[in-house]
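Thanks for asking me to look this over. Here are my notes, written as numbered points so that you can follow along with the model open beside you.

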Amino acid sequence: MKGWRSAPLIWVALALAIGVPIAAAATSEQLAWRGPLYILAGFAGIVALGLVLAQPLLIGGYLPGLSAYRGRRAHRWIGGALALAVVIHVAGLWITSPPDMIDALTYTSPTPFSPFGVTAMWAIFIVAVLAALRRRLGLRLRTWRIVHIPLAIVIVAGSVAHCLLIEGTMETISKAVLCVLILVATVKVMIDLQVWRKRRTLRGESVARQ
Amino acid sequence: MTTVLLNRRNLLAAGGSALATGILATGVSGLLPAARADGLAPTETMSGGANNYRKGAAIVERIGKGGFWMSGTVRRAGDGAPLASQRIQIWAHTTEGQEHEPQSHGATLTDKDGKFRLEMPQIIPIFGQPHGHLAYDSGEFKTVFLRPVMRSPKETSLEAHFVLQPA
């Protein structure tokens, strides 16, 4: 009963945590000086940050109403959406200013946030490719977790550092709140799932492995 | 008298930044004080400085409608002598255009004290930082691209200083 009653609250909090920064960015005066592709690229980045918050909540089973199985499935789909959002973010910025994007991708950019974002991007791509090929590669769940968890930490830390250092369309407070929530959710899921333990049956592991 | 004071202040500021650049960029030569005891080290091109550069921007009274001031000095490496009539090209993402667009570019010349000042539209953050671009690219001295960053997007001026060495 308790879980059911608190259910809407967590969902509302999640919607606000992601929705408020997006809405605040949509009112930024800087949008007036940007082209449509640059705007799209920026919002793809903001959406990606929001999706990063959903991931630990889904895999930790903190979103009431979702079974462990559906939570994991949603985690996979959102992981794919995250990779897609990052592709749109990078492609849009590349078209907007090719030399700046090339500097970022080659780790020669003067902007301190770029290496964090690019590192998180590669971690996201690696996870997405491995997740898609996991069965084909015959990766066991344990092996998969050993690969995925450090990369998840890189993604979270890199994304948070990247966006906090940017002076862009995002409003400072809503951006900081979203980043703090991402860090808290990530730390919580790591503790709850005891990721540092080598042998532990993950909730519903038999389902995942089939 | 006033001019002299201003010059010295500028010299100190430029010297300080050039010294910092010199130590960072050329650690080894920085350890050879004899050669540069009273010498001003040349400014190094900043990373990303040349991005969206359009060679040969016209010398203009003002870029667009103005409202923002880009200023600085140009002096010679070694003795720090001010360099007059040097062409400095300036561009940025402003309220009137993106960085790569022609209307965002312009050039100006230094005065007899090696100073330049060009009015341009308000710079706004692009790629996460409010910044401008400047180039010395006239051949007589080694080409230098600068990319100064504003402390806040609300600032209405920005400075950049060149210390040039013979090409």
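**Notes on the predicted model**

1. Let me begin with strand 7 of chain B, residues 157–164. Six of its eight residues are buried, so strand 7 is largely enclosed by the rest of the structure. Please keep in mind throughout that this is a predicted model.

2. Which strand does strand 7 of chain B run alongside? Strand 1 of chain B, residues 68–76, is joined to strand 7 by eight bridges, and the two run parallel. Two facing pairs are handy for finding the spot on screen. Gly72(B) is opposite Ala160(B) of strand 7, and Val74(B) is opposite Phe162(B), again in strand 7 of chain B. As a general reminder, strands of a sheet pair through backbone hydrogen bonds, in either a parallel or an antiparallel way.

3. Zooming out, these strands belong to an open sheet of three strands in chain B, with the order 4-1-7 and mixed pairing. Strand 4 and strand 7 of chain B are the edge strands, each pairing on one side only. On average, neighbouring strands in this sheet are turned by 20 degrees against each other, direction ignored. It is worth holding two things together here: strand 7 of chain B is an edge strand, and yet six of its eight residues are buried.

4. Chain B also has an open sheet of four strands, in the order 3-2-5-6, and here the pairing is antiparallel. At its edges stand strand 3 (105–109) and strand 6 (144–146) of chain B; each has a single partner strand, so one side of each is left without a neighbour in the sheet. From one strand to the next, the twist averages 20 degrees.

5. Within that sheet, strand 2 of chain B (residues 87–92) runs antiparallel to strand 5 of chain B, and five bridges join them. To locate this pairing, look for Ile88(B), which stands opposite Tyr136(B) in strand 5.

6. Next, a backbone detail in chain B. Phe127(B) has a positive phi, near 55 degrees, and is not a glycine. In general, most residues other than glycine have a negative phi. Phe127(B) sits in the loop between strand 4 (115–120) and strand 5 (132–136) of chain B. Is Phe127(B) buried or exposed? Phe127(B) counts as buried because it has 27 C-beta neighbours inside 10 Å, and the cut-off for buried is 20 or more.

7. Chain A offers a counterpart to compare. Tyr107(A) is not a glycine either, but its phi is positive at about 60 degrees. The loop in question lies between helix 4 (98–105) and helix 5 (114–137) of chain A. Tyr107(A) counts as exposed, because it has 10 C-beta neighbours inside 10 Å.

8. Staying with chain A, have a look at how helix 2 (residues 36–60) packs with helix 3 (residues 68–96): the angle is about 160 degrees and the axes are 8 Å apart. The two helices of chain A are therefore roughly antiparallel to each other, since angles over 145 degrees count that way. Their crossing is left-handed. The residues of this contact comprise 21 nonpolar, eight polar and one charged.

9. Finally, how many residues does each chain bring to the contact between them? Chain A gives 15 residues and chain B gives 17 residues. On the side of chain A that touches chain B, there are five nonpolar, seven polar and three charged residues.

Methods: Residues are numbered from 1 along each chain as its sequence is written. Chains are lettered from A and ligands numbered from 1 in the order in which they are written. This is a predicted model: local features need pLDDT of at least 70, side-chain atom pairs count only at pLDDT 80 or more; totals for chains, interfaces and linings use all residues. Two residues are in contact if their C-beta atoms, placed from the backbone, lie within 7 Å. Ala, Val, Leu, Ile, Met, Phe, Trp, Tyr, Cys and Pro count as nonpolar, Asp, Glu, Lys and Arg as charged, and the others, Gly among them, as polar. Axes are lines fitted to C-alpha atoms, for helices over the stretch in contact, and angles run from 0 to 180 degrees between N-to-C directions. Angles under 35 degrees count as roughly parallel, over 145 as roughly antiparallel, 65 to 115 as roughly perpendicular and the rest as oblique. A crossing is left-handed if the near helix is turned anticlockwise from the far one by less than a right angle, and right-handed if clockwise. A residue is buried if 20 or more other C-beta atoms lie within 10 Å of its own, exposed if 12 or fewer, and partly exposed in between; C-beta atoms are placed from the backbone. Two strands pair if DSSP finds at least two bridges between them.
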